[in-house]
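Look over the model below before reading on. The report then takes up a few of its local features.

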Amino acid sequence: MTAKELGAIACKARKSQGLTQAQLAMASGTGVRFIVDFEAGKETCQLGKALTVLQTLGVTVDVAGWQE
């Protein structure tokens, strides 16, 4: 999965919940600029913040194919 694909998922989830980018930023404890960049697929977005945004939206991330 690419950063652009993950951002698109976040954007679609946000819109399906009727949230603005500002509302999502407030709910997730991030800034509007971060939401804009994340949804646009900016590859340098902080992973921790991205995961927090996805969790706020109720989106789960499944990492498959990894073995210890």
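What follows covers the cysteines, the largest pocket and three residues in helices.

## Model

This is a predicted model.

## Cysteines

How many disulfides does the structure hold? It holds zero. Cys11 is in no disulfide. Its nearest cysteine sulfur belongs to Cys45, 13 Å away. A disulfide needs the two sulfur atoms within 2.5 Å, so at 13 Å the sulfur of Cys45 is too far from that of Cys11 for a bond.

Is Cys11 buried or exposed? Cys11 has 17% relative accessibility. The cut-off for buried is under 20%, so Cys11 counts as buried. Both cysteines return below as contacts: Cys11 touches Glu39, and Cys45 touches Asp37.

## Largest pocket

The largest pocket has about 160 Å³ of space. Which residues line the largest pocket? Met1, Thr2, Ala3, Leu6 and Ile9 are part of the lining, along with Val59, Thr60 and Val61.

The lining divides into six nonpolar residues and two polar ones. No charged residue takes part in the lining.

## Acidic residues of helix α3

Helix α3 spans residues 32–39. Asp37 lies in this helix, and so does Glu39. Asp37 has 16% relative accessibility and therefore counts as buried. Glu39 is also buried, with a relative accessible area of 12%.

What does the side chain of Asp37 pair with in a polar contact? The partner is the side chain of Arg33, at 2.9 Å. Leaving out residues up to four places away in sequence, Asp37 touches Lys42 and Cys45.

With the same neighbours in sequence left out, Glu39 touches Gly7, Ala8, Ala10, Cys11 and Arg14. Glu39 also touches Gln21 and Leu24.

## Gln21 and helix α2

Gln21 lies in helix α2, which runs over residues 21–28. Gln21 is partly exposed, with a relative accessible area of 25%. Buried would require a value under 20%, so at 25% Gln21 does not count as buried.

Where does Gln21 sit relative to Ile35? The two are 14 residues apart in sequence. Their C-alpha atoms are 6.3 Å apart in space. Gln21 touches Ile35, and its contacts also include Val36 and Glu39. Arg14 is another residue that Gln21 touches. These contacts again leave out residues up to four places away in sequence.

Arg14 thus appears twice: Glu39 touches Arg14, and Gln21 touches Arg14.

Definitions and conventions
Residues are numbered from 1 along each chain as its sequence is written. This is a predicted model: local features need pLDDT of at least 70, side-chain atom pairs count only at pLDDT 80 or more; totals for chains, interfaces and linings use all residues. Side-chain values use heavy atoms; hydrogens and water are left out. Buried means under 20% relative accessible area, exposed over 50%, partly exposed in between (1.4 Å probe, protein chains only). On a 1 Å grid over the protein atoms alone, a cavity is a set of points where a 1.4 Å probe fits but cannot get out, and a pocket is an open set with protein on both sides within 12 Å along at least five of seven lines; lining residues have an atom within 4 Å of a point. Grid points are joined across faces, edges and corners, and a volume is the space filled by probe spheres set on the points. Ala, Val, Leu, Ile, Met, Phe, Trp, Tyr, Cys and Pro count as nonpolar, Asp, Glu, Lys and Arg as charged, and the others, Gly among them, as polar. Helices (H or I, at least four residues) and strands (E, at least two) are DSSP runs, numbered from the N terminus. A polar contact is a pair of N or O atoms within 3.5 Å; within protein, one must be able to donate a hydrogen and the other to accept it, and residues adjacent in sequence count only if both atoms are side-chain atoms. Contact means heavy atoms within 4.5 Å.
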